[in-house]
Amino acid sequence: MNEMLDKKCQFGSYHENDVVFLLKDLSSYELEGPTEHREKNIQSGQHYSESLPIEYQPPEHYMQVFWETLEEYKKKVALCTGIVAEQLFRQKGKNTVLVSLARAGTPIGILIKRYILSKYQADLPHYSISIIRDKGIDENAIHHILKKHPDKQIQFIDGWTGKGAISIELTKACNAFKEKYGIVLDDTLAVLADPGQCTSLYGTREDFLIPSACLNSTVSGLVSRTVLNDQLIGPEDFHGAKYYGNLVDADVSNEYIDIVSKEFPSIQQEAFQAFERLENDQNGAAFKGMDEVVGMSKEFDIGSTHFIKPGVGETTRVLLRRIPWKILMKDPDSPYVRHILLLAKERNVEVVHYPNMSYTCCGLIKKVSDSQ
């Protein structure tokens with residue numbers, strides 16, 4: 001595994017000093033299939049992590065919205081990064097290993113690492129590893145990190161929360177790790193946005209558009225979603241992923257990081273003041289969003305909450321790689337949903353005005369029996 005790791009340091013398109021991916025390279029395998037076929041398999045019982053969706057490469061007009069969105073919200077993303085970075089650095093200090101959850105957590109982990117380096121001149125190690133709903137975290141990756149950094153504390157990082165599935169999965173995984181190995185891991189998940197109220201470590205609880213949610217691998221180091229497939233991943237392996245080298249001309253991963261990072265000097269004071277307010281008025285994880293999701297499942301006669309994806313980031317994912325049924329939207333005039341309206345129109349998906357929810361929007365996945 002160590003020999004494999006030496007090769008993996010170059011995995012992905014991010015700068016080597018920003019992140020180390022602890023992932024097995026599956027780039028040579030054909031794991032993608034038509035979205036409709038993959039959706040049918042998932043709804044028939046195949047786990048989503050066994051295959052990959054075909055990466056949607058957005059047209060020019062959609063990329064224009066991405067760049068406009070980034071310009072508009074780069075300072076807000078930087079501020080939320082600073083707020084959550086101040087919190088975790090106050091709690092753990094230089095004794096921290098940043099561990100982002102691939103792949104949505106990876107750019108956020110890099111931004112947090114850069115903020116702390118800029119503000120405190122502390123260059124924290126940063127790894128990106130896999131966690132998969134209903135399967136748990138990559139224990140081989142955790143063991144590697146603990147062996148390499150025996151005196152440091154792990155801080156898990158993700159991009160945002162929806163209804164809290166990954167927060168719950170992380171807690172389960174940390175409990176299992178303690179039972180198996182007697183090692184206690186902090187299961188607090190650091191995120192930029194926590195609209196579902198699933199963690200106590202967040203930059204904001206507003207359901208705003210984090211621009212990196214707009215795209216797939218081209219804003220995530222050209223790395224695919226993570227894969228856990230018994231045919232390809234052995235007991236000694238890290239979870240897997242593909243590197244999409246064929247998309248290098250469309251890659252904006254490092255540009256995204258650089259644009260947001262340039263805002264850090266201008267928001268440091270505001271971030272620290274916001275952090276102090278949060279510290280004095282700390283709100284824990286109430287998982288309020290899950291109550292709303294359960295209500296939606298009854299109202300729209302949806303058998304499983306797995307088919308309901310709340311929040312801007314999750315709604316975007318539904319449109320990019322699932323079979324969407326409807327999009328619920330709190331305010332269609334919100335600047336956070338311009339890209340969602342574009343995608344919905346392109347894919348001929350109904351947008352329903354749904355004002356009485358705490359999320360900005362919500363994606364409902366179509367049952368395969370309805371898509372014949």
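Which residue of strand 16 is the bridge partner of Leu328? The partner is Cys362, and the pairing to which these two residues belong is taken up again below, after a word on the model.

This is a predicted model, in which local features need pLDDT of at least 70 and side-chain atom pairs count only at pLDDT 80 or more, whereas totals for chains, interfaces and linings use all residues. Residues are numbered from 1 along each chain as its sequence is written, and side-chain values use heavy atoms, with hydrogens and water left out.

**Strand 14 and its partners**

Helices (H or I, at least four residues) and strands (E, at least two) are DSSP runs numbered from the N terminus, and two strands pair if DSSP finds at least two bridges between them. Strand 14 (residues 324–329) has five of its six residues buried, so it is largely enclosed by the rest of the structure; here buried means under 20% relative accessible area, exposed means over 50%, and partly exposed lies in between, with a 1.4 Å probe and protein chains only. Strand 14 is joined to strand 16 (residues 361–365) by five bridges, and the two run antiparallel. With strand 15 (residues 350–353), strand 14 pairs in the parallel sense over four bridges, and there Ile327 has Val351 as its bridge partner.

**The open sheet and the helices packed on it**

Six strands form an open sheet in the order 1-6-5-9-10-11, with parallel pairing. Its edges are strand 1 (20–21) and strand 11 (201–204), each of which pairs on one side only. Within the sheet, strand 5 (residues 96–101) and strand 9 (residues 153–157) pair in the parallel sense over five bridges, with Ser100 opposite Ile157 of strand 9. Helix 3 packs on this sheet and touches strand 5, strand 9, strand 10 (189–193) and strand 11, its direction making about 155° with that of strand 11. Helix 5 (residues 139–148) also packs on the sheet, where it touches strand 5, strand 6 (126–129) and strand 9, and its direction makes about 165° with that of strand 6. Contact in this report means heavy atoms within 4.5 Å, while axes are lines fitted to C-alpha atoms, for helices over the stretch in contact, and angles run from 0 to 180 degrees between N-to-C directions.

**Helix 3 against helix 7 and helix 11**

The axes of helix 3 (residues 60–92) and helix 7 (residues 253–261) come within 8 Å and cross at roughly 45°, which makes helix 3 oblique to helix 7. Angles under 35 degrees count as roughly parallel, over 145 as roughly antiparallel, 65 to 115 as roughly perpendicular and the rest as oblique. The crossing of helix 3 and helix 7 is right-handed; a crossing is left-handed if the near helix is turned anticlockwise from the far one by less than a right angle, and right-handed if clockwise. From helix 3, Phe66, Trp67, Leu70, Lys74, Val77 and Ala78 make the contact, and from helix 7, Glu255, Tyr256, Ile259 and Val260. By class, this contact of helix 3 with helix 7 has eight nonpolar, no polar and two charged residues, where Ala, Val, Leu, Ile, Met, Phe, Trp, Tyr, Cys and Pro count as nonpolar, Asp, Glu, Lys and Arg as charged, and the others, Gly among them, as polar.

With helix 11 (residues 338–346), the axis of helix 3 comes within 10 Å and crosses at roughly 165°, which makes helix 3 roughly antiparallel to helix 11. Helix 3 passes helix 11 in a left-handed crossing. In this contact His61, Tyr62, Val65, Glu68, Thr69 and Glu72 of helix 3 meet Arg338, His339, Leu342, Leu343 and Glu346 of helix 11, and by class there are four nonpolar, three polar and four charged residues.

**Three buried residues**

| Residue | Location | Relative accessible area |
|---|---|---|
| Ser297 | helix 9 (residues 288–299) | 11%, buried |
| Ile308 | strand 13 (residues 308–310) | 0%, buried |
| Ala213 | loop between strand 11 and strand 12 (240–241) | 5%, buried |

Not counting residues up to four places away in sequence, Ser297 touches Ile302 and Ile308. With that same exclusion, Ile308 has contacts that include Lys163, Val293, Met296, Ser297 and Cys362. The C-alpha atoms of Ile308 and Gly363 are 6.0 Å apart, although 55 residues separate them along the chain. Ala213 and Val312, 99 residues apart in sequence, are 8.0 Å apart from C-alpha to C-alpha, and Ala213 touches Trp160, Gly313, Thr316 and Leu320, again leaving out residues up to four places away in sequence.
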